[in-house]
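Open your viewer, load the model and set the side chains to sticks. We will make two stops, and each one starts with a single selection.

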Amino acid sequence: QVQLVESGGGLVQDGGSLRLSCAASGGIFSNRIMGWYRQAPGKQRELVASITSLGSTNYADSVKGRFTISRDNAKNTVYLQMNSLKPEDTAVYYCTAEMMTTETMRYQNYWGQGTQVTVSS
């Protein structure tokens with residue numbers, strides 16, 4: 001069974017940094033895209049950043065220049081380095097991956113349970 005396990009969230013002051021990690025496991029045959037979404041209270045879930053297996057990246061305008069996404073294909077792990085954090089970055093951050101498993105042999109989107117990031121002013 002596929003699992004995406006996130007870690008690295010927490011409480012940080014305005015201007016601080018955090019690094020999120022997400023490790024995928026469970027019969028993975030191919031891992032096409034990995035990324036991070038976030039959802040703040042009362043708001044819709046939004047894309048923060050994504051990265052393909054070849055390393056192409058995409059960022060939300062609000063985090064460009066502050067956040068960096070990277071991945072380790074051998075470990076099926078994606079990272080999100082978040083610098084210069086702002087109170088408006090406060091949200092639950094969700095890892096996502098578009099993967100093919102040996103069981104289904106078709107691409108599906110999988111989600112982690114989320115990790116809380118809180119930036120205090």
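The tour below goes residue by residue, after a short note on how to read the values.

This is a predicted model, in which local features need pLDDT of at least 70 and side-chain atom pairs count only at pLDDT 80 or more, while totals for chains, interfaces and linings use all residues. Residues are numbered from 1 along each chain as its sequence is written, and side-chain values use heavy atoms, with hydrogens and water left out.

**Stop one: Asn31**

Select Asn31, and you land in strand S4, residues 28–39 (strands are DSSP runs of E with at least two residues, numbered from the N terminus). Is Asn31 buried or exposed? Asn31 counts as buried because its relative accessibility is 8% (buried is under 20% relative accessible area, exposed over 50%, partly exposed in between, with a 1.4 Å probe and protein chains only).

Now add Ser53, Arg71, Asn76, Ala97, Glu98 and Met99: these are in contact with Asn31 once neighbours within four places in sequence are set aside (contact means heavy atoms within 4.5 Å). Zoom in on Asn76, whose side chain makes a polar contact of 3.1 Å with the side chain of Asn31 (a pair of N or O atoms within 3.5 Å; within protein, one must be able to donate a hydrogen and the other to accept it, and residues adjacent in sequence count only if both atoms are side-chain atoms).

**Stop two: Thr90**

Next, select Thr90 in the loop between strand S8 (77–82) and strand S9 (91–101). Thr90 is partly exposed, at 21% relative accessible area. Show Pro87 too: the Thr90 side chain reaches the Pro87 backbone oxygen at 2.9 Å. Then show Val119, where the Thr90 side chain reaches the backbone nitrogen at 2.9 Å.

Note on methods
Helix = DSSP H or I, 4+ residues; strand = E, 2+ residues; numbered from the N terminus.
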